[in-house]
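Hello,

I am passing a structure on to you, and I hope you will enjoy looking through it. Please open it first; my notes on what turned up follow below.

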Amino acid sequence: MQTRKVPLRKCTGCNEMKPKKELVRVVKNKENEIFLDLTGKKAGRGAYVCCSLDCLKKARKQRGFERAFSCKIPDEVYDQMEKELAENE
């Protein structure tokens, strides 16, 4: 029997490679909306972050999502993502 390869993604906050299922996807769609994708299946450009508020705050401080999506992200979007992540923990 063959073992399946586990897909790895890099967290935008802590820069650690982790299995894709342990991370939360952040999506920028065609309308330039940026939001958390808890299902991991929504259309758009994706970046990943750990399920912790610490990593999300590090990504915000280091402008990791702004680099990944090549655009300026307003503070309201970060605040909304922090709120959703806190509810989901």
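Strands here are DSSP runs of E with at least two residues, numbered from the N terminus. Met17, for example, sits in strand S2, which covers residues 17-19. Please keep in mind that this is a predicted model.

Met17 is also a good place to begin on the surface. Together with Val6 and Leu8, Met17 makes a nonpolar surface patch of about 290 Å².

Now to the inside. In soluble globular proteins, nonpolar side chains tend to be buried together. The largest nonpolar core in this model has 21 residues, and those that touch the most other members are Cys11, Val26, Val49, Phe65, Phe69, Ile73 and Met81. Two or more residues of this core come from each of S3, S4, strand S5 (45-50), H1, helix H2 (64-69) and H3. If you would like one residue to centre your view on, try Phe65: leaving aside residues up to four places away in sequence, Phe65 touches Thr12, Val26, Ala47, Val49, Leu56, Ala59, Ile73, Tyr78 and Met81.

Helix H1 is worth a look of its own. Which residues of H1 are buried? They are Cys55, Leu56 and Ala59. These residues cover an arc of only 100° around the axis, so they lie on the same side of H1. Their cover includes S5, H2 and H3. Asp54 and Lys61, on the other side of H1, are exposed.

Next, the salt bridges. With a side-chain nitrogen of Lys or Arg within 4 Å of a carboxyl oxygen of Asp or Glu as the rule, the count is six. Here are three of them, starting with a pair between strands:

- Arg25 and Asp37 form a salt bridge whose closest N and O atoms are 3.2 Å apart. Arg25 belongs to strand S3 (residues 23-28) and Asp37 to strand S4 (residues 34-37), so this salt bridge ties together parts that are 12 residues apart in sequence. Both Arg25 and Asp37 are buried.
- Arg60 and Asp79 also meet through their side chains, at 3.2 Å from N to O. This pair links distant parts of the chain, with Arg60 in helix H1 (residues 53-62) and Asp79 in helix H3 (residues 75-88), 19 residues apart. Arg60 is partly exposed because its relative accessibility is 23%, and Asp79 is partly exposed at 42%.
- Glu66 and Arg63 make a salt bridge at 3.7 Å, N to O. Here Glu66 counts as buried at 15% relative accessibility, while Arg63 is exposed at 52%. Beyond this pair, salt bridges that share partners join Arg60, Asp75, Asp79 and Glu82 into one network.

Finally, a few words on the backbone. Most residues other than glycine have a negative phi. Where does this model have positive values of phi? Arg63, just after H1, takes a positive phi of about 55°. Asn32 is not a glycine either, yet its phi is positive at about 60°; Asn32 lies in the loop between S3 and S4 and is exposed, with 54% relative accessibility. Ser70 has a positive phi near 55°, and this residue is in the loop between H2 and H3. At 64% relative accessibility, Ser70 counts as exposed.

Happy exploring, and best wishes!

Notes:
Residues are numbered from 1 along each chain as its sequence is written. This is a predicted model: local features need pLDDT of at least 70, side-chain atom pairs count only at pLDDT 80 or more; totals for chains, interfaces and linings use all residues. Side-chain values use heavy atoms; hydrogens and water are left out. Helices (H or I, at least four residues) and strands (E, at least two) are DSSP runs, numbered from the N terminus. Buried means under 20% relative accessible area, exposed over 50%, partly exposed in between (1.4 Å probe, protein chains only). A nonpolar core is a set of buried Ala, Val, Leu, Ile, Met, Phe, Trp, Tyr and Cys residues joined through side-chain atoms within 4.5 Å. Contact means heavy atoms within 4.5 Å. Patches are made of residues with over 30% relative accessible area and no salt bridge: like charges are joined within 9 Å, nonpolar side chains (Val, Leu, Ile, Met, Phe, Trp, Tyr) within 5 Å. Accessible areas come from the Shrake-Rupley method with a 1.4 Å probe; for residues, only the protein chains shown count as cover. The arc is that of the directions from the helix axis to the C-beta atoms.
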